[in-house]
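I opened a new notebook page for this structure. These entries follow what I looked up, step by step.

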Amino acid sequence: MIRLKRTDNNDPDFKQLVEKLDKDLWSRYGQEQQKYAPHNKLEYLDTVVIAYAYNIPAGCGCLKKFDTTTAEVKRMFVEEDQRRKGVAAAILNELEGWAKELNYANTILDTGNNQPEAIGLYKKAGYLVMKNYAPYTDMPEITCMTKSLMEEE
């Protein structure tokens with residue numbers, strides 16, 4: 001049973017999940033993570049989604065304005081014991097719906113190449129690999145992706 005909550009990045013459950021995300025990234029990338037860490041700092045955001053499995057925080061993600069037509073998906077994370085249960089897809093779907101409500105036409109995101117499960121999730125959700133955007137332009141170990149939120153008519 002997955003329940004989604006819209007909140008902001010001051011939510012204690014979000015902060016706890018982001019700490020776990022950062023630990024996961026350090027375990028995957030080691031000292032290389034040092035150059036990515038500054039890009040993961042978020043100013044106040046009121047576009048955070050937390051997923052709960054049986055009232056326990058299971059995962060999170062958020063949106064950040066990239067430009068007037070594009071929102072960036074950030075800080076996606078799912079607890080290890082909740083992976084492969086649809087939690088990440090539910091969070092991503094909720095974020096995309098929220099982005100549409102905020103009149104964004106597109107979403108973009110970045111993920112590291114040491115996260116093949118994330119790349120698979122995004123491709124399955126309709127994201128396409130794009131040229132790396134700033135600040136990731138000179139980071140070949142990062143994959144940037146995009147998705148149009150405009151419904152086909």
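**Entry 1: charged pairs.** I began with a working rule: a salt bridge is a side-chain nitrogen of Lys or Arg within 4 Å of a carboxyl oxygen of Asp or Glu. The model is a predicted one. With this rule I count eight salt bridges. I looked up some of them.

**Entry 2: Arg6.** I took the pair Arg6 and Glu94 and found a salt bridge, with the closest N and O atoms 2.8 Å apart. Arg6 belongs to strand β1 and Glu94 to helix α2, so this pair ties together parts that are 88 residues apart in sequence. I then checked Arg6 against Glu101: this is also a salt bridge, and the closest N and O atoms are 2.9 Å apart. Here strand β1 holds Arg6 and helix α2 holds Glu101, 95 residues apart.

How exposed are these side chains? Arg6 is partly exposed, at 34% relative accessible area. Glu94 is partly exposed at 23%. Glu101 has 52% and counts as exposed, because the cut-off for that is over 50%.

**Entry 3: Glu79 and Lys20.** I moved on to Glu79, which forms a salt bridge with Lys20; the closest N and O atoms are 2.6 Å apart. Glu79 sits in the loop between β4 and α2, and Lys20 in helix α1 (residues 12-29), so the pair ties together parts 59 residues apart in sequence. Is Glu79 buried or exposed? At 15% relative accessibility, Glu79 counts as buried. Its partner Lys20 is partly exposed, at 34%. I also noted a network: salt bridges with shared partners join Arg6, Glu94 and Glu101.

**Entry 4: the sheet.** Next I traced the strands. I found an open sheet of seven strands with mixed pairing, in the order β1-β2-β3-β4-β5-β7-β6. Its edge strands are β1 (2-7) and β6 (128-130), each paired on one side only. Neighbouring strands of the sheet are turned by 30 degrees against each other on average, direction ignored.

I looked at one pairing in detail. Strands β4 (residues 70-78) and β5 (residues 106-112) run parallel and are joined by four bridges. In this pairing Glu72 stands opposite Ile108 in β5.

**Entry 5: helices on the sheet.** Which strands does helix α2 touch? Helix α2 (residues 87-101) packs on the sheet and touches β1, β2 (48-53), β3 (56-67), β4, β5 and β7 (142-148). Its direction makes about 160 degrees with that of β4. I checked helix α3 (residues 116-124) last: it lies across β4, β5, β6 and β7. Helix α3 runs at about 160 degrees to β5.

Key: Residues numbered from 1 in each chain as written. Predicted model: local features only at pLDDT ≥ 70, side-chain atom pairs only at ≥ 80, totals over all residues. Heavy atoms only, no water. Pairing = 2+ DSSP bridges. Helix = DSSP H or I, 4+ residues; strand = E, 2+ residues; numbered from the N terminus. Axes fitted to C-alpha atoms, helices over the stretch in contact; angles between N-to-C directions. Contact = heavy atoms within 4.5 Å. Buried < 20%, exposed > 50% of the residue type's maximum accessible area, 1.4 Å probe, protein only.
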